[in-house]
Amino acid sequence: MTWKKTISLKALEGAGNASVKVGDNVIFMATSNGNLYAMDAVCSHAKCILGDFDSGNMTVKCPCHHAVFDLSNGKMTEPPFVAKNAPMDKLGLKTYDIRETGEFIEVDVPE
Ligand code: FES
């Protein structure tokens, strides 16, 4: 794993969340109550890019078939509406360590 520089903290705070290509990964990152979170941004169902962040519940909904993921641990909490019996325990997303270093945000991703 390697810490990779991404976007500025100011940009993330302004948007609240962002999906950013970091090395070979697309990472969904968000800030809430002063904490930073990072998770794979590619939905485990059919590879859409996540983007609908609910900061109150700390969840991210996929725009394609509305699967919902817990941003704190990557677990799928609601299945896609087109696959209600999907094995949610096997469809979680990877979460990443994330940190702020001065002006920028870094994410610890595979080399
Ligand atoms: S691609 Fe995300 S729920 Fe289907």
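**Notebook: a mostly-strand model**

I started with burial: 26% of the 111 residues in the protein are buried. My cut-offs: a residue is buried with 20 or more other C-beta atoms within 10 Å of its own, exposed with 12 or fewer, and partly exposed in between, with C-beta atoms placed from the backbone. This is a predicted model, so I kept to its rules: local features need pLDDT of at least 70, side-chain atom pairs count only at pLDDT 80 or more, and totals for chains, interfaces and linings use all residues. Residues are numbered from 1 along each chain as its sequence is written.

**Overall layout**

I looked up the secondary structure next and got one helix and 10 strands. Here helices (H or I, at least four residues) and strands (E, at least two) are DSSP runs, numbered from the N terminus. Along the sequence the pattern reads β-α-β-β-β-β-β-β-β-β-β.

For overall dimensions, the C-alpha atoms fill a box of roughly 45 × 30 × 20 Å along the principal axes. The radius of gyration is 14 Å, which agrees with the value near 13 Å for a compact globule of 111 residues. That radius is taken over C-alpha atoms, and the globule rule is 2.2 Å times the number of residues to the power 0.38.

I also checked contact range. Among contacts between residues at least 6 apart in sequence, 40% join residues at least 24 apart. A contact here needs the two C-beta atoms, placed from the backbone, to lie within 7 Å.

**Sheet 5-6-7-8**

One open sheet has four strands in the order 5-6-7-8, paired antiparallel. Strand 5 (52–54) and strand 8 (76–78) are at the edges with a single partner strand each, so one side of each has no neighbour in the sheet. Neighbouring strands of this sheet are turned by 30° against each other on average, direction ignored. For angles, axes are lines fitted to C-alpha atoms (for helices over the stretch in contact), and the range is 0 to 180 degrees between N-to-C directions. Pairing means that DSSP finds at least two bridges between the strands.

I zoomed in on one pair: strand 5 and strand 6 (residues 59–61) are antiparallel over three bridges. Phenylalanine 53 has valine 60 in strand 6 as its bridge partner.

**Sheet 1-10-9**

The other one I looked up is an open sheet of three strands, order 1-10-9, again with antiparallel pairing. Its edges are strand 1 (2–8) and strand 9 (98–101); each has a single partner strand, so one side of each is left without a neighbour in the sheet. The average turn between neighbouring strands is 35° in this sheet, direction ignored. Strand 1 and strand 10 run antiparallel and are joined by five bridges. In that register, lysine 5 stands opposite glutamate 106 in strand 10.

**Hairpin and positive phi**

Strand 3 and strand 4 run antiparallel with six bridges between them, and they form a hairpin with two residues in between. Serine 32 stands opposite asparagine 35 in strand 4.

Which residue in the turn has a positive phi? Asparagine 33 does, at about 50°. I noted it because most residues other than glycine have a negative phi. Asparagine 33 counts as exposed, with 6 C-beta neighbours inside 10 Å.

Histidine 66 has a positive phi too, near 65°. Histidine 66 lies in the loop between strand 6 and strand 7 (68–70). With 14 C-beta neighbours inside 10 Å, histidine 66 is partly exposed.

**Core**

The largest nonpolar core holds 24 residues, and those touching the most other members are Ile27, Phe28, Met29, Ala38, Met39, Phe69 and Val107. Strand 3 (25–32), strand 4 (35–40) and strand 10 (104–109) each supply at least two residues of this core, with strand 3 giving the largest share, four residues. By definition, a nonpolar core is a set of buried Ala, Val, Leu, Ile, Met, Phe, Trp, Tyr and Cys residues joined through C-beta atoms within 7 Å.

I listed the contacts of phenylalanine 69, leaving out residues up to four places away in sequence: Met39, Leu50, Thr59, Val60, Gly74, Lys75, Met76, Thr77 and Leu93.

**Valine 22**

My last stop was valine 22, in strand 2 (residues 17–22). Is valine 22 buried or exposed? Valine 22 is buried, with 21 other C-beta atoms within 10 Å. Beyond its neighbours within four places in sequence, valine 22 contacts Lys4, Thr6, Ile27, Val107 and Val109. I also took the C-alpha to C-alpha distance from valine 22 to proline 87: 28 Å, at 65 residues apart in sequence.
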